[in-house]
Amino acid sequence: MYSIAYGGELLQLPVGSEGECNLPLAIERWTGLLPSEYYCTQNGRRVSAADHGNLVPEVPLRVCERLPGGKGGFGSMLRAIGAQIEKTTNREACRDLSGRRLRDINEEKRLKAYLEKQQEAEDNERVKAERKIAKLLSKPKHEFHDKEYEHARSELVVAADEAIEEGLQKAIVLEMEQAVKDAVTAEVAATDNTTTDTQAKDSRKRKLPDTKSKKAPAKKGALWLGVGDLSSSSETDDDSTDESSDGAVAKGKLVAV
C-alpha cells in the first residue's frame with residue numbers, strides 16, 4: 001500500500017486499486033496537478049511516480065510543486081552588486097590558533113606601545129630638566145671687560161669702606177659727648193642735692209622762740225557783787241556757749257575796774 005503526502009495531508013491507496021497501479025493519475029485526481037507541475041521525493045531522494053520498481057511501499061511519497069523559473073540574468077545581477085559592496089578588513093572578531101580574540105591581542109600591543117612612549121616621554125622630560133638646571137648653574141660664557149668700569153667699581157668699594165669708618169668714628173664721638181654730658185649733669189645734680197641738705201641742716205639748727213619766758217598778759221580783775229553762778233567764773237574764755245548763756249547775768253553783777 002502506497003501513501004502520498006501533500007500539503008500536510010496524507011492519501012493512502014489500497015492494494016489492487018486503480019490508483020496504486022497508476023500513481024500519476026491518482027495524484028492528478030487528488031491534487032489537480034499535472035505531472036509537469038510537480039515532482040516526488042521519498043526518503044529525501046527525488047523519484048519518479050511512474051517507476052514502481054524504485055518505490056518503497058512503506059515510505060510515504062511526498063509531492064512537491066515546481067516553481068516557475070525566471071528569464072535568467074540573476075547571477076550577473078548578484079555579481080554586480082557584490083562588486084559594489086566593500087569588503088571588510090576588520091578581522092578583530094576572529095580568533096587565533098590559541099583561541100584568543102585578535103581584538104584583545106591588538107589592544108595589548110597598543111597598550112605596550114603606549115607605555116613605552118610614556119616612559120620615553122618621562123625620560124626626555126627628565127633629561128631636559130637636568131640640562132636646564134646644569135645650564136642655570138654653569139658660569140656664563142659672556143665676558144665683560146671695561147677698564148673704566150673696573151676702576152670705578154674699585155673706587156666705589158673703597159669710598160664705601162671709608163664712609164662706613166667715618167660714620168663709626170662719628171658715632172663713637174657722639175657717644176663719648178653724650179657720656180660726658182650725662183656725667184656733668186649727674187655731678188651738678190649731686191652738688192644741688194648737697195647744697196639743699198646743708199641748708200636744711202642750718203634751718204634745723206636755728207633756735208626756736210622761747211614761749212616759756214614770755215608772761216601771759218594780766219587779766220582785768222572784776223568784783224563780785226552778789227551771789228551768782230560760781231561755775232561761770234571758772235569756765236574758760238574759749239567756751240562760747242557758756243559765755244552767751246551767762247552774759248546777761250554777768251552784766252548786772254560784774255563791774256570793770
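How much area does the chain expose, and what share of it do carbon and sulfur atoms supply? The exposed area comes to about 22,800 Å², with 57% of that supplied by carbon and sulfur atoms. Keep in mind as you read on that this is a predicted model.

**The overall layout**

There are 257 residues in the chain, and buried ones make up 10% of them. Seven helices and five strands are found along the way. Read from the N terminus, the order is β-β-α-α-β-β-β-α-α-α-α-α. As for contacts between residues at least 6 apart in sequence, 39% of them join residues at least 24 apart.

**How the strands pair up**

Here's the strand pairing at a glance.

| Strand pair | Direction | Bridges |
|---|---|---|
| β1 and β2 | antiparallel | five |
| β1 and β5 | parallel | two |
| β3 and β5 | antiparallel | four |
| β3 and β4 | antiparallel | three |

Let's start with β1, which is mostly covered, with four of its five residues buried. Its partner β2 spans residues 9–13, and in that pairing S3 sits opposite Q12. Two residues separate the strands of this hairpin, and G7 has a positive phi near 60 degrees there. On the parallel side, A5 of β1 faces R62 in β5.

S3 is worth a second look. This β1 residue counts as buried because its relative accessible area is 12%, under the 20% cut-off. Which residues does S3 touch once neighbours within four places in sequence are set aside? The contacts are L10, L11, Q12, V59, P60 and L61.

Now for β3, which is also mostly covered: four of its five residues are buried. Across to β5, T41 has R62 as its bridge partner. On the other side is β4, made of residues 45–47, where R45 stands opposite Q42. The β3 and β4 hairpin has two residues between its strands, and N43 takes a positive phi near 60 degrees.

**The nonpolar core**

What is the size of the largest nonpolar core, and which residues have the most contacts inside it? This core has 14 residues, and L23, I27, C40 and L61 are the ones with the most contacts within it. At least two core residues come from each of β1, α2, β3 (38–42) and β5 (61–65). Helix α2 gives the largest share, namely three residues.

**Rings and a charge**

How many aromatic pairs turn up in a search of the whole structure? Just one does. A pair like this is described by how far apart the ring centres are and by the angle of the planes. For Y6 and W30 the geometry is edge-to-face, at 6.3 Å centre to centre with 70 degrees between the planes. The two rings link distant parts of the chain, 24 residues apart: Y6 belongs to strand β1 (residues 2–6) and W30 to helix α2 (residues 23–31).

Are these two rings buried or exposed? Neither label fits, because anything from 20% to 50% relative accessible area is called partly exposed. Y6 falls in that band at 23% relative accessibility, and W30 does too, at 28%.

There's a charge over a ring as well: R46 lies over the face of Y39, 4.6 Å from the ring centre.

Key:
Residues are numbered from 1 along each chain as its sequence is written. This is a predicted model: local features need pLDDT of at least 70, side-chain atom pairs count only at pLDDT 80 or more; totals for chains, interfaces and linings use all residues. Side-chain values use heavy atoms; hydrogens and water are left out. Buried means under 20% relative accessible area, exposed over 50%, partly exposed in between (1.4 Å probe, protein chains only). Contact means heavy atoms within 4.5 Å. Accessible areas come from the Shrake-Rupley method with a 1.4 Å probe; for residues, only the protein chains shown count as cover. Rings of Phe, Tyr and Trp (its six-membered ring) pair if their centres lie within 6.5 Å; planes under 30 degrees apart count as stacked, over 60 as edge-to-face and the rest as tilted. A charge sits over a ring if NZ of Lys or CZ of Arg is within 6 Å of the ring centre and within 35 degrees of the ring normal. A nonpolar core is a set of buried Ala, Val, Leu, Ile, Met, Phe, Trp, Tyr and Cys residues joined through side-chain atoms within 4.5 Å. Two strands pair if DSSP finds at least two bridges between them.
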